[in-house]
Amino acid sequence: MSGKDSFVKFENVDKSYDGEVLVVKGLNLDIPQGEFLTMLGPSGSGKTTTLMMLAGFETPTSGEIYLEGEPISSIPPYKRGIGMVFQNYALFPHMTVNENLAFPLEVRKLPKAEIDEKVHKALSMVELQDFGTRMPLQLSGGQQQRVALARALVFEPRLVLMDEPLGALDKKLREQMQYEIKHIHENIGITVVYVTHDQSEALTMSNRIAVFNDGKIQQISTPDVLYEKPDNSFVAQFIGENNQIKGKVKSVNGKNCVVVTDNGDEIVSLKVNVNSVGDNSLLSLRPERVWVNSDKGDYENSFEAKVEELIYLGDHVRTRVNVCGNNQFIVKIPNSSDHSDLKEGAKVKLSWKAEDTRALDFKA
Amino acid sequence: MSSETISGPILTSDGIPLKVSLKKAERINKIRAFLLVLPLLAFILISFIIPIGDMLTRSVDDRYINTVFPKTFEIYKKWDKQGLPSEEVYKTMFIEIGEAKGFKIGKASTRMNYSKSGWKSLIKKSQRKFKKIKEGPYKEQMIAVDKRWGDPIYWKALGEMVDPTTFGYYLNAVDLKYDSNKKVIAQPENRRIYMHTWIKTFKVSLLVTIFTLMLGYPIAYLLATLPLKYSNLLMICVLLPFWTSLLVRTVAWMIILQQKGVFNNLMVMAGLIADENRWKLMYNETGTIIVMTQILLPFMVLPLYSVMKTISPSYMKAALNLGASPLHAFWKVYMPNSIPGISAGGLLVFIIAIGYFITPELVGGKDGQMIGNWIAYHLKTTLNWGLCAALGSVLLAVMIVFYWLYNKIIGVENIKLG
Amino acid sequence: MRKTIKAAFLGLISMAFIGSAYADLTFVSWGGAYTASQQKAYIDTWSKGSGITVENYNGGLGEVKAQVEANNVTWDVVDVLPDQAITGCDDGLFLKVDQSHFINDMVVKPVSECISPQIFWSYVAFYDPAAFPGKKPKTIKDFFDVKKFPGKRGIHTWANALIEMALVADGVKPSKVYEVMSSDGGIDRAFAKLDTIKDHVVFWSAGSKPLELVSSGEVVMSLAYNGRIGAAILQDGKKFNYIWDGQVLEQEYLVIVKGTKNEDEAREFVKHASSAESLALQAKYIPYGPMRSSSIDIIKKGEPYFNTGVDVLPHMPNTPKRLRRSVIADPFWWADNGAEVSERFGVWKGN
């Protein structure tokens with residue numbers, strides 16, 4: 001593979017700062033043109049380093065990065081033509097908003113009229129056309145964020161990188177900005193590589209998400225697959241809420257297997273990341289895929305549980321129960337009249353399907 | 001809407017107007033705050049405002065001489081400055097010299113000597129010998145005691161002292177003086193030292209400021225961007241000069257820079273200069289600038305460093321990312337953001353440099369002396385504190401002008417120490 | 001317990017006050033070998049000498065004036081130069097003293113009623129004989145003659161003595177120097193002579209500097225304080241030659257600061273310090289010349305008199321033979337004209 005098939009390609013990229021620890025290990029990644037790809041992971045997982053290598057502020061220790069089929073490791077950052085939105089915006093505080101936006105265009109020696117036009121267009125895109133003469137510090141956090149976005153796009157880069165750009169905003173503004181960024185991406189069709197540690201942000205915006213941990217991509221997939229079908233216990237844990245039950249594989253039957261918990265309950269599950277009988281396994285089960293006192297008969301798994309705690313959350317009731325030896329088991333019960341009689345201490349019957357129960361790896 | 005909002009002042013629950021009540025509550029806080037700053041206020045008053053006031057007063061004060069020769073000056077004012085004064089002037093001068101007690105006349109003669117060299121010994125000698133003169137007419141007898149009494153130059157020199165306030169010291173500070181009619185004229189050419197020294201002082205201070213900036217900027221940049229373990233070491237190197245005595249450092253520079261010194265020896269050994277063409281790097285203006293630059297470097301580096309520390313590294317990254325070459329990014333993004341540090345450091349170094357005198361005294365040689373050296377000279381040797389005060393006031397005024405200009409051009413709010 | 005602490009505390013405070021009320025006598029001088037010789041010759045030999053605090057200063061009357069004006073005198077006895085003695089006495093910074101015990105024993109007349117005699121020292125030219133393998137400079141004329149003796153000259157950064165030396169080098173008799181300096185064009189003549197060596201001078205301002213300049217070869221000859229040269233020869237074994245011809249002698253006096261809190265002690269100390277015996281004893285430790293004739297007699301009889309067991313008279317500036325070709329600096333002339341000539345000298349240096 002020469003890397004010509006994809007827009008951005010990481011080929012066996014390693015990165016070490018001190019010659020002792022690899023922060024990125026054997027990374028391979030292809031990003032097609034026009035995709036919104038999010039690198040998601042806890043801090044120290046290597047996602048930001050990967051982004052910085054793409055931007056040119058870090059050099060791979062080994063391996064190569066290709067942009068449109070060309071190796072770029074030896075190209076300095078200012079010649080890569082990649083836009084970037086920084087964590088704290090990095091707007092130049094001594095320049096007005098207009099001057100900030102004009103900066104990349106002036107560097108490229110565009111004619112004055114063209115610069116003005118492009119700056120105006122970029123500001124309109126983020127709906128800040130009246131703020132051009134302000135200084136960045138006279139703007140609110142959200143406005144600064146939009147200016148930073150406009151600045152990263154104004155010179156029409158091939159690719160835009162965003163390094164946790166919404167981290168400094170409050171929750172409401174963050175959600176609003178997520179949609180704005182998503183819409184801008186959809187409208188102009190630019191390739192975006194986005195770094196965040198916030199899984200809901202990743203799920204909202206991305207075409208695909210690469211989950212990073214320990215310098216490696218754990219799983220790369222679309223948001224729904226990642227949520228519904230995590231490949232391993234890290235991904236399952238990191239994305240969305242999930243119930244975990246420890247056990248050992250007792251028998252394997254085609255695509256399913258039976259896992260025995262420590263207190264002897266046998267759970268029929270989907271065999272995902274276990275190989276053979278006797279393996280340790282961590283079962284992953286989403287709280288919304290569990291049914292309480294259901295009278296339908298097509299559930300492979302059905303156990304008695306004791307209600308430990310009820311938390312009223314409006315649209316649903318978050319219920320903590322003790323089942324299969326796990327007293328931190330969460331069930332999300334829709335707020336309908338069916339379950340209005342639930343009380344703490346009550347015994348209930350819980351049911352769930354084998355296909356929703358993913359038998360994943362377990363590292364002791 | 002209720003009518004309360006428009007029916008006069010708002011009242012508290014006790015019926016006292018809210019504003020009055022608030023003032024009362026705040027007064028106690030104000031008094032407390034005032035008492036807290038009182039010691040500082042007193043300190044500033046004693047250590048800053050009073051000395052400056054004293055300096056300004058001394059720079060124009062000419063009362064003393066007028067208390068010793070009040071009558072003489074009164075009659076003197078009527079003199080037409082042609083030939084010699086009348087017998088009456090001689091007589092009152094004779095009487096007042098006789099009446100003045102002890103050191104009063106000495107102090108007066110010191111003052112008179114500022115306007116014409118020679119008054120001091122003339123008065124001293126006269127005081128001793130006048131005792132023999134019993135009765136008038138006095139003019140001839142006084143001239144017989146010392147022929148300088150018959151020299152109109154001495155008499156004319158008194159003209160600038162007849163008022164209790166004088167701008168004579170300020171004139172002296174810029175190579176001007178009063179003639180006998182209190183008209184402003186230039187000093188004789190061979191005494192015009194101060195304008196020359198002022199210009200040199202500003203030139204040297206400006207050059208030192210520029211050189212400390214040129215040397216200090218990269219150091220401060222390294223300090224602000226290197227990892228902590230290296231920057232600490234570098235910081236110690238920067239601060240080391242602070243910890244060694246000024247004299248020791250100055251002497252070390254002498255050893256290095258003099259014509260038979262280490263630097264010249266190395267250059268000769270390396271064959272870069274001929275033995276007879278050794279560079280003159282010491283005991284002149286060059287030496288003054290080199291040594292002052294080294295001594296004042298920390299005053300430039302520290303404000304620069306503390307400002308640079310606050311410049312986010314992401315600015316440079318952003319500029320590079322947007323397509324600017326490293327040089328362009330530095331010039332357009334980093335440098336403008338470091339201007340507050342440049343301003344603070346520059347102003348600090350310039351202000352310190354302008355009043356420097358120990359280093360110029362030691363390494364300045366023939367032409368390295370600055371205005372501070374003349375202030376020290378008059379302060380200690382001639383005791384002409386009026387001139388010292390005038391020189392100091394001019395220095396203060398120049399600094400205020402500089403500050404004002406700076407405020408106009410760059411803005412005071414742009415000074416930042418961190 | 002608390003009471004004892006309180007008592008002790010009050011005791012300490014009152015002691016601090018008593019301490020300041022009966023302060024030691026403070027004697028202020030120039031420091032270095034000179035002050036060390038004063039210490040040995042008359043501080044150690046005075047009955048109350050152990051109560052004396054010695055401080056150093058750099059000359060000038062600035063501090064004294066400030067103390068007197070602020071009415072907070074902490075310096076009791078100060079070692080001063082004659083023009084400062086005159087100005088200080090005129091301005092009422094110093095007390096008048098009883099001069100009857102030395103007035104008839106002086107080499108030159110005292111310059112003011114406030115002073116007690118100390119020593120002569122001189123500005124004198126010297127060189128390292130190794131620098132002149134052939135003919136050696138002998139007179140101040142040679143010092144100003146850069147054709148006959150090429151090489152750099154070390155001179156100090158102020159005007160005193162240089163004016164006098166330039167005139168002597170220009171042919172003025174030492175005894176007529178001040179006459180010429182007071183006459184029209186006299187100063188111009190001195191500056192004209194200084195012009196002839198202007199491009200060949202290295203300036204110094206610290207007393208130790210000329211020795212380094214000559215030792216390192218930076219200059220071939222230099223002016224210096226004679227005591228520094230003497231110390232280098234007598235104590236450090238340096239080989240330097242003096243050019244006594246045209247030397248300018250300066251005087252050093254003791255004065256009592258007006259407003260001292262220890263007036264009686266100060267007067268007693270100054271009397272002791274200016275006795276013929278004390279001044280003679282000082283010459284054991286530093287080759288400066290005592291101002292009292294009888295002290296020189298004591299030294300002459302005592303040769304080899306110096307503490308290292310060698311003759312000290314060859315290093316003294318005021319032997320009768322040397323005085324014939326020396327200028328004794330006139331403090332009255334300098335008190336009158338010092339400021340003006342200094343400004344002219346500043347112009348001369350700067351151009």
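## Domain 1 against domain 3 in chain B

Look for salt bridges between domain 1 of chain B and domain 3 of chain B in this predicted model, and the count is 0. Polar contacts don't turn up either: there are 0 residue pairs of that kind with both partners at pLDDT 80 or more. On the side of domain 1 of chain B that touches domain 3 of chain B, you'll find 3 nonpolar residues, 1 polar and 1 charged.

So what does this meeting of domains consist of? Here, 5 residues of domain 1 of chain B are in contact with 7 residues of domain 3 of chain B. Together the two domains bury about 480 Å², with 77% of that on carbon and sulfur atoms. Within domain 1 of chain B, M55(B), R58(B) and S59(B) lose the most area to domain 3 of chain B, and they make up 82% of what that side buries.

## Where the domains sit

The domain assignment splits chain B into domain 1 (24-61), domain 2 (63-164) and domain 3 (194-414). Taken over C-alpha atoms, the centres of domain 1 of chain B and domain 3 of chain B are 33 Å apart.

## Chain A meets chain B

Now for the two chains. Chain A brings 19 residues to the contact and chain B brings 17 residues. Between them they bury about 1,600 Å², 72% of it on carbon and sulfur atoms. The salt bridge count here is 0, but 5 residue pairs are in polar contact, both at pLDDT 80 or more.

On the chain A side, β6 (82-85) and α2 (97-107) of chain A are the elements giving two or more residues to the surface touching chain B. By class, that side has 15 nonpolar, 2 polar and 2 charged residues.

Notes. Residues numbered from 1 in each chain as written. Chains lettered and ligands numbered in written order. Predicted model: local features only at pLDDT ≥ 70, side-chain atom pairs only at ≥ 80, totals over all residues. Heavy atoms only, no water. Contact = heavy atoms within 4.5 Å. Buried area = accessible area lost by both parts, 1.4 Å probe. Salt bridge = Lys/Arg side-chain N within 4 Å of Asp/Glu carboxyl O. Polar contact = N/O pair within 3.5 Å; in protein donor to acceptor, adjacent residues only side chain to side chain. Helix = DSSP H or I, 4+ residues; strand = E, 2+ residues; numbered from the N terminus. Nonpolar A, V, L, I, M, F, W, Y, C, P; charged D, E, K, R; others polar. Domains from an automatic or database assignment.
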